[in-house]
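Reader: I have a model open and want the reasoning behind its labels. Can we go through them one by one?

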Amino acid sequence: MSIEIDLSSDVAVVTGGGSGIGEAIAMLLAEAGARVAIADLSEQAAKSVAEQITGKGGRAIGVGLDIADPDSVVRGLGVVREQLGPVSVLVNNAATWVIKKFSATTAEDTQRIVDVTLVGTINVMRAALPDLLDTQGRIVNIASDSARTGEHSMSVYAGAKAGVIAVTKSLAKEVGGKGVRANVVAPGTTVTPGSSAFIEQVGGADKLARAYPLGRLGTPADIAGAVLFLVSPLSTWITGQVLSVSGGFTML
Ligand SMILES: NC(=O)c1ccc[n+]([C@@H]2O[C@H](COP(=O)([O-])OP(=O)(O)OC[C@H]3O[C@@H](n4cnc5c(N)ncnc54)[C@H](O)[C@@H]3O)[C@@H](O)[C@H]2O)c1
């Protein structure tokens, strides 16, 4: 007996899909048959991931957009709709952060972190919502366990991610009756281009991994698997939840 996850009737948007966790999510959703739009600040990175997918026989496009800019988001989703169809799966993965003590975090740092990580996620949900309501779609927002445990030198980021969790739960309550599900995946430290500075600062991957019950840091594929589950028919009675994917580091 085998189980197949078939997303061939879905159009998925993955923000920040040009690198790290987002790239792995885009690849896995495409492997499950979804038409995938990789939406990234770097149009070049987005197109390069899309090319990898089309090279393997999948259907994907790369779109350059800044999630912090509502007009850019509306334009980008217009391209997705035109080229792939209405969005039925939204993965809000793009975020930004600085690694600085609270006392060193400037007003500019704060504004950009909140504008991208929290407001950007909201911008994309707002622009995609009409499609998601039409398609009985699914949203997965990538937060961080730092939102629930706190994180040294990442306080504003942790606060913005806590906002992502609260908005996701609230939206899940509003749209559940219309058949739309919204959940959060909260990764622990996952080895990506974006996390290398953090891993270095806390003493390297080997040292950090010792704090993880499963004995290693995460891979982008670990996070992508959880996202696939939450957008698949295996999770049709799950909404408004925060799934920690962290090798047991965070047990809440
Ligand atoms: N890597 C980790 O240890 C870790 C842990 C917890 C949570 N997360 C979360 O996982 C997600 C992905 O992290 P990653 O480590 O893969 O990061 P990454 O830096 O490797 O990739 C992030 C991608 O987002 C894009 N991006 C940044 N700002 C954008 C914007 N304004 N508009 C559109 N795209 C934008 C970047 O161009 C990049 O391609 C983030 O939400 C992050 O907060 C990561």
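Reader: Which residues come nearest to the ligand?
Author: First, a caution: this is a predicted model. Ser 19, Asp 40, Asn 93, Tyr 157 and Thr 192 come nearest, out of 29 residues around the ligand.

Reader: What makes the pair between Tyr 157 and the ligand a polar contact?
Author: The cut-off is 3.5 Å between N or O atoms. A polar side-chain atom of Tyr 157 lies 2.5 Å from a ligand oxygen. That is within 3.5 Å, so the pair counts.

Reader: Which atoms of Asp 66 and Thr 190 pair with the ligand?
Author: For Asp 66, a polar side-chain atom, 2.8 Å from a ligand nitrogen. For Thr 190, a polar backbone atom, 2.8 Å from a ligand oxygen. Taken alone, the ligand exposes 830 Å², and the protein buries 90% of that.

Reader: Which pocket does the ligand take?
Author: The largest pocket. Helix H1 (20-31), helix H4 (107-135) and helix H6 (155-175) each give two or more residues to the shell around the ligand.

Reader: How do the residues of that shell divide?
Author: Into 13 nonpolar, 12 polar and 4 charged.

Reader: Why is Thr 117 called buried?
Author: Buried means under 20% relative accessible area. Thr 117 has 1% relative accessibility, so it counts as buried. Thr 117 is found in helix H4.

Reader: What does the side chain of Thr 117 reach?
Author: The backbone oxygen of Thr 96, at 3.0 Å. That distance is within the 3.5 Å cut-off for a polar contact.

How values were computed. Residues numbered from 1 in each chain as written. Predicted model: local features only at pLDDT ≥ 70, side-chain atom pairs only at ≥ 80, totals over all residues. Heavy atoms only, no water. Near = heavy atom within 4 Å. Polar contact = N/O pair within 3.5 Å; in protein donor to acceptor, adjacent residues only side chain to side chain. Areas by Shrake-Rupley, 256 points an atom, 1.4 Å probe, with all protein chains shown as cover. 1 Å grid on protein atoms, 1.4 Å probe; cavity = no way out; pocket = protein on both sides within 12 Å on 5 of 7 lines; lining within 4 Å. Sits in = over half its atoms within 2 Å of the grid points. Helix = DSSP H or I, 4+ residues; strand = E, 2+ residues; numbered from the N terminus. Nonpolar A, V, L, I, M, F, W, Y, C, P; charged D, E, K, R; others polar. Buried < 20%, exposed > 50% of the residue type's maximum accessible area, 1.4 Å probe, protein only.
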